[in-house]
Amino acid sequence: MNHRKVIIIGTGPAGLTSAIYTARADLKPLVLEGEQPGGQLTLTTEVENFPGFVDGVMGPELMSNMKNQAARFGAEFVATLCTEADLSKRPFTVKASNGETYTADSIIISTGASAKMLGLPNEKGLVGRGVSTCATCDGFFYRDRVVHVVGGGDTAMEDATFITKFAKKVYIVHRKDTLRASKPMQERAFNNPKIEFIWDSAVTEIFSDHSGVTHVTVENLKTGDKEKRHTDGLFYAIGHTPNTSFLKGQITLDDNGFIKTINGPATNVPGVFACGDVQDSIFRQAITAAGSGCQAAILAERFLEGH
Ligand code: NDP
């Protein structure tokens, strides 16, 4: 009863694109929806850079459309979280939080990566209303505005630099007085007249009104001094956590826990494919995730034909 040709774990743009392709190939995929069905895009508001939507589309609507498209071709969805996987032999086995155990000839992993948050009490409710974890997605909305970016790595430098195309001023708040970012990225930020650094500091409070974020409190971690500063946007660039804890010891991960892929979405385990942010710490876009989901589906189909 619980055996399938293909199981897809995760339902962001990568997983749902895999579901559309494998369902259309008549593989009748079973899709385990995960903790946040629809993935990170369900936490955003407007998506303006997904091709095909002249006037943009709301993130939740885009994901709901992808799910319905996959369901139309026969993909079966179960609202459950994958908690354990045995990829050591075929058929592969996965256990889920609904108490069920499923087996499959092929598995597509698209569990994504969660952006790290600061953990401030009101931040989650302000995502899409001034708090963002994706400069490429949201920078555009801050034309002539003031923005604070938190972090000191490559992402923070890249995000801050990107946002200066739109914003009039970008402050980088970093908890140390040296950056982790690579030298060229640092130089680019240092040389940008719109960017200013606030060193040894942390954002400790966010203030908002009906329209979204208005101010943040920035605390100097050395002196304890606090300053309430006006800002229109607060971007987090403090890293991502790939959702791979259920895979430990089953598949090759990199030092940061992302799945290592070879030749597109192939992994070191024949028959197991990975797509989207769970294997991509660089691009992290809905469209790149969807593209890799398509590749994973096609490779899974070829694998099943060959076995
Ligand atoms: P990193 O882990 O490299 O950097 C995270 C930054 O956030 C660090 O400066 C860290 O501070 C800070 N930070 C972490 N947690 C907190 C917290 N709770 N509060 C405040 N600050 C915090 O992540 P990135 O996303 O920047 O980069 C991930 C990987 O992707 C890296 O390997 C990077 O090189 C790569 N990358 C490459 C790019 C490119 O080549 N174009 C672009 C973007 C990323 P601290 O320094 O004190 O630890």
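Contact here means heavy atoms within 4.5 Å of each other. The views below show a predicted model.

**View 1. Helix α1 against helix α6.** Helix α1 covers residues 13–24, and helix α6 covers residues 286–306. Two packed helices are described by the angle between their axes and by the distance between those axes. For α1 and α6, the angle is about 35° and the axes are 7 Å apart. The crossing of α1 past α6 is right-handed.

**View 2. Residues at the α1–α6 contact.** From α1, the contact draws on P13, A14, T17, S18, Y21 and T22. Their counterparts in α6 are A286, A289, A290, G293, C294, A296, A297 and I298. Sorted by class, this contact of α1 with α6 holds 10 nonpolar and 4 polar residues. Charged residues are absent from it.

**View 3. Helix α4 against helix α5.** Helix α5 spans residues 183–190. Its axis and that of α4 come within 9 Å and cross at roughly 35°. What is the handedness of the crossing as α4 passes α5? It is left-handed. On the α4 side, D154, M157, E158 and T161 take part in the contact. On the α5 side, M185, Q186, R188 and A189 meet them. By class, the contact of α4 with α5 has 3 nonpolar, 2 polar and 3 charged residues.

**View 4. The shell around the ligand.** The ligand has 17 residues around it. Which of them come nearest? They are D154, T155, R175, K176 and R180. Helix α4 (residues 154–163) supplies the largest share of the shell, with 3 residues. By class, the shell has 5 nonpolar, 7 polar and 5 charged residues. D154 thus appears in two views: it is among the residues that come nearest the ligand, and it also meets α5 from α4.

**View 5. Polar side-chain atoms at the ligand.** Two oxygen distances and one nitrogen distance are shown. K176 places a polar side-chain atom 2.8 Å from an oxygen atom of the ligand. In R175, an N or O atom of the side chain is 2.9 Å from a ligand oxygen atom. E158 has a polar side-chain atom 3.0 Å from a nitrogen atom of the ligand. On its own, the ligand has 910 Å² of accessible area, and the protein covers 73% of that. E158 is also one of the α4 residues that meet α5.

**View 6. A cis peptide bond at P91.** The bond joining R90 and P91 is cis, with omega at about -5°. Where does P91 sit? P91 is in the loop between β6 (82–86) and β7 (92–96).

**View 7. Positive phi at K28 and D200.** K28 is a residue other than glycine, yet its phi is positive, near 45°. K28 belongs to the loop between α1 and β2 (30–32). D200 is not a glycine either, and its phi is positive at about 50°. The loop holding D200 runs between β13 (195–198) and β14 (201–209).

Technical notes
Residues numbered from 1 in each chain as written. Predicted model: local features only at pLDDT ≥ 70, side-chain atom pairs only at ≥ 80, totals over all residues. Heavy atoms only, no water. Near = heavy atom within 4 Å. Polar contact = N/O pair within 3.5 Å; in protein donor to acceptor, adjacent residues only side chain to side chain. Areas by Shrake-Rupley, 256 points an atom, 1.4 Å probe, with all protein chains shown as cover. Helix = DSSP H or I, 4+ residues; strand = E, 2+ residues; numbered from the N terminus. Nonpolar A, V, L, I, M, F, W, Y, C, P; charged D, E, K, R; others polar. Axes fitted to C-alpha atoms, helices over the stretch in contact; angles between N-to-C directions. Left-handed = near helix turned anticlockwise from the far one by under 90°.
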